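Open the model in your viewer and have the selection tool ready. The stops below say what to select and what to look for.

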Amino acid sequence: MTRVLLVEDERQLARALRINLRTRGYEVDTAPDGRTALELAGRRRPDVVVLDLGLPDMDGVEVIKGLRGWLNVPIIVLSARHASEEKVQALDTGADDYVTKPFGMEELLARLRAAVRRAAPADEAAAVVETGAFTIDLAAKKVTRDGREVRLTPTEWNILEVLVRNAGKLVGQRQLLREVWGPAYEKETNYLRVYMAQLRRKLEPDPSRPRHLITEPGMGYRFES
Ligand code: CA
């Protein structure tokens, strides 16, 4: 099921959208302001975000900035204003598409379907990642080593998944903590040390000399296949 984070302060509109989206089989979380949106995104992991740019507590563009560092899902902005400047700014900041208010429900749904469809192929293409020592199936959420499934805890899996989806790239400690535990845990770097040690014991041929789950001292971690 596709989970939508709907950020809209106009209650009537939020309600109408929520009902329509649920009728079409989407799961919907609703936030009436930017702060709630950021908090919900960390906790509930939306597959797509529908974001009104005019919010009571902060500019929608600030919400995009807050999400984009760690959440790589489509963001569709709703803009009441006809001035294109705001939309351009939103797109520059990382929004994927926009719909101008007032809009028809079918138009928004079409944009939503298109955005989700565009986001999907990249995931499928990299669904199975092989290393010399183990194989990760991102779609099935399974790791195998020497032909046997390796049992990972949900947290271990979440860490591994974030690293594998960013293969070859440095993932900062804060980013990893935020993605796995949520924004309130950004400073708990000791969590990472503990879980990375566990993951290495389960996956690395020589855990004391990791070749796939690499530490960048003081910075973060990197997955190398
Ligand atoms: Ca508004």
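Start by selecting Ser 79 and Thr 100: in β5, Thr 100 is the bridge partner of Ser 79. Bear in mind throughout that this is a predicted model.

Next, select strand β4, residues 75-79, together with β5. The two strands run parallel and are joined by four bridges.

Now keep only β5, residues 97-100, and show its side chains. Which of them are buried? Asp 97 and Val 99 are buried and point to one face. Tyr 98 and Thr 100 point to the other face and are not buried. In a regular strand, side chains alternate between the two faces of the sheet.

Move on to strand β9, residues 148-150, and pick Glu 149 within this strand. Glu 149 has a relative accessible area of 41%, so the residue counts as partly exposed, the range between 20% and 50%. Leaving aside residues up to four places away in sequence, Glu 149 touches Lys 142, Val 143 and Thr 144. Add Thr 135 to the selection and draw a distance between the C-alpha atoms: Thr 135 and Glu 149 are 14 residues apart along the chain, and these atoms are separated by 9.4 Å.

The last stop is helix α6, residues 154-165, where Glu 161 is found. Is Glu 161 buried or exposed? Its relative accessibility is 14%, and therefore Glu 161 counts as buried, the cut-off being under 20%. Show Leu 138 and Lys 141 as well: Glu 161 touches both, again not counting residues up to four places away in sequence.

Conventions. Residues numbered from 1 in each chain as written. Predicted model: local features only at pLDDT ≥ 70, side-chain atom pairs only at ≥ 80, totals over all residues. Heavy atoms only, no water. Buried < 20%, exposed > 50% of the residue type's maximum accessible area, 1.4 Å probe, protein only. Contact = heavy atoms within 4.5 Å. Pairing = 2+ DSSP bridges.
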